[in-house]
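Biologist: Before we begin, could you take me through the features of this model one at a time, giving the general idea and then the case at hand?

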Amino acid sequence: MTARFPFDNSYARLPAPCFTRQRPQCVPDPRLVAVNRPLAARLGIALPDDPAELALIFSGNALPNGADPLAQAYAGHQFGGWSPQLGDGRAILLGEVLAPDGARFDIQLKGSGRTAYSRMGDGKAWLGPVLREYIVSEAMAALRIPTSRALAAVTTGEIVLRERPLPGAVLTRVASSHIRIGTFQYLAARRDITALQALCDHTIARHYPTAQGPAGLLDAVIGAQARLIAQWMGVGFIHGVMNTDNMTLSGETIDYGPCAFMDAYHPDRVFSSIDQFGRYAYANQPQIAVWNLAQLATALLPLIADRDAGIDAFTQAINGFSDRFDAAWHGVLRAKLGLATEAPGDAELALELLARMAEARADFTRVFRALSGPDPRRARDECIDPTALDPWLARWQARIDTEGRDEAQRIRAMQATNPARIPRNHRIEQTIEAATKGDFSPFAQLMAALAHPFDDDAHLATYEAAPAEGEAITATFCGT
Ligand code: AMP
Ligand code: MG
């Protein structure tokens, strides 16, 4: 059986400056590492059984029928500094598929060789970041948080030169689109209003068909990003590189580079080794989103006939982020605390817990999971001083009692909100280390452990444990 992808490539019909056509580079010895068959089925993609055939497709050596490969152009603010020309330097969009339910998805190869936007880079990826993105994006999807997905991973048989020679790999990434704030910035900076208008219309039709013009698009993206970042923070996720080129219009998480789920909670936590000033720290993420969305507003402004009115309206929309984020975040926190209703003081109650957790260096995931069990006092065991949580536990219990909710029901709801398992950094690193030596079984085991993160499973306790002394990873490196 040959592969069948239901391609319909709408991005390739946008004006010329939006992309450059480019075929993936052939690789010497492609081998399949993983293929996500449930995702393929959801996308309406029919795949052969033969791993060798799959490796040819997902390395880019064999193009599926109907592919129209291209590299997308974009610009972006990286750590606040403007780069007028970024673009897919190591990624190629094979095309878009229309899933059986009509939903449209990009199919992209990441690590498939140089493009018009590679600048000094080699266009390649090594196995480490490919596995990291595979693991974390699929874990994010299992946590029900909007994200790009991983359809496949292959090794290429090539050696990629980084700090040392490393095995080359290609990730097949799926997203509802890869349109970024930086995509709009690219066209706005070139003052190509025709292309900018076409991109705006394309994005609205694709993601927010009821939105009215650029103002409606901006409003919808602000809402989607406010909800997304609240959801990230609800699972202790730090994106790590919230540059404007890594922020989507769809409101999906993309570009998993030096990202991480926190172990011990601290609001100033940073993982990226290049983020020296904590710009993208855990608790800074909402402010950074505002900054990025303001860049989107600036890029959309040339599409507004009455510029002054446009500035006023966009400023108001951007200023509205904070309330929309707070509403989403407080909703996330209430759910994490098992509150079905909203009462004055709920946000303070939740923030008080986070403050105690920071002091107690308590593990973010484990505290909330413990609170979700039949004996919430087990959360005390996560603190360096177990009595640190006692006054808070009493306040929380009193608030829970005001709801008079059935306890079993509350526990079920909390367990469906507070995961038992997240992709812990030390586990990911162990997986990558083993895979680099040719052993992919830890990768398969980790993927299985993360597939149902809300279910209790005594066999998976090792994946629920916080890193032991010496095991904790404090920095992750750029995903190149
Ligand atoms: P990132 O920080 O991973 O979001 O990437 C920022 C920019 O650098 C994007 O334009 C990437 O396409 C480009 N880039 C990253 N790694 C490579 C590479 N190995 N070769 C070419 N371009 C790259
Ligand atoms: Mg990027």
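Biologist: How much area does the protein expose, and what share of it do carbon and sulfur atoms supply?

Modeller: Accessible areas come from the Shrake-Rupley method with a 1.4 Å probe, and for residues only the protein chains shown count as cover. Here the protein exposes about 19200 Å², of which carbon and sulfur atoms supply 53%. This is a predicted model, in which local features need pLDDT of at least 70 and side-chain atom pairs count only at pLDDT 80 or more, while totals for chains, interfaces and linings use all residues. Side-chain values use heavy atoms, with hydrogens and water left out, and residues are numbered from 1 along each chain as its sequence is written.

Biologist: What percentage of the 480 residues is buried?

Modeller: Buried means under 20% relative accessible area, exposed over 50%, and partly exposed in between (1.4 Å probe, protein chains only). By that criterion, buried residues make up 58% of the 480 residues in the protein.

Biologist: What share of the contacts joins residues 24 or more positions apart?

Modeller: A contact means heavy atoms within 4.5 Å. Among contacts in the protein with a separation of 6 or more, residues 24 or more positions apart account for 72%.

Biologist: Which protein donors does the magnesium ion (ligand 2) have?

Modeller: Donors are N, O and S atoms within 2.8 Å of the metal (3.2 Å for Na, K and Ca), and water is not among the atoms, so sites may look incomplete. For the magnesium ion the protein donors are Asn 246 (OD1) and Asp 255 (OD), lying 1.9 to 2.1 Å from it.

Biologist: Are Asn 246 and Asp 255 buried or exposed?

Modeller: Asn 246 is buried, its relative accessible area being 12%, and Asp 255 is buried with a relative accessible area of 12%.

Note on methods
Chains are lettered from A and ligands numbered from 1 in the order in which they are written.
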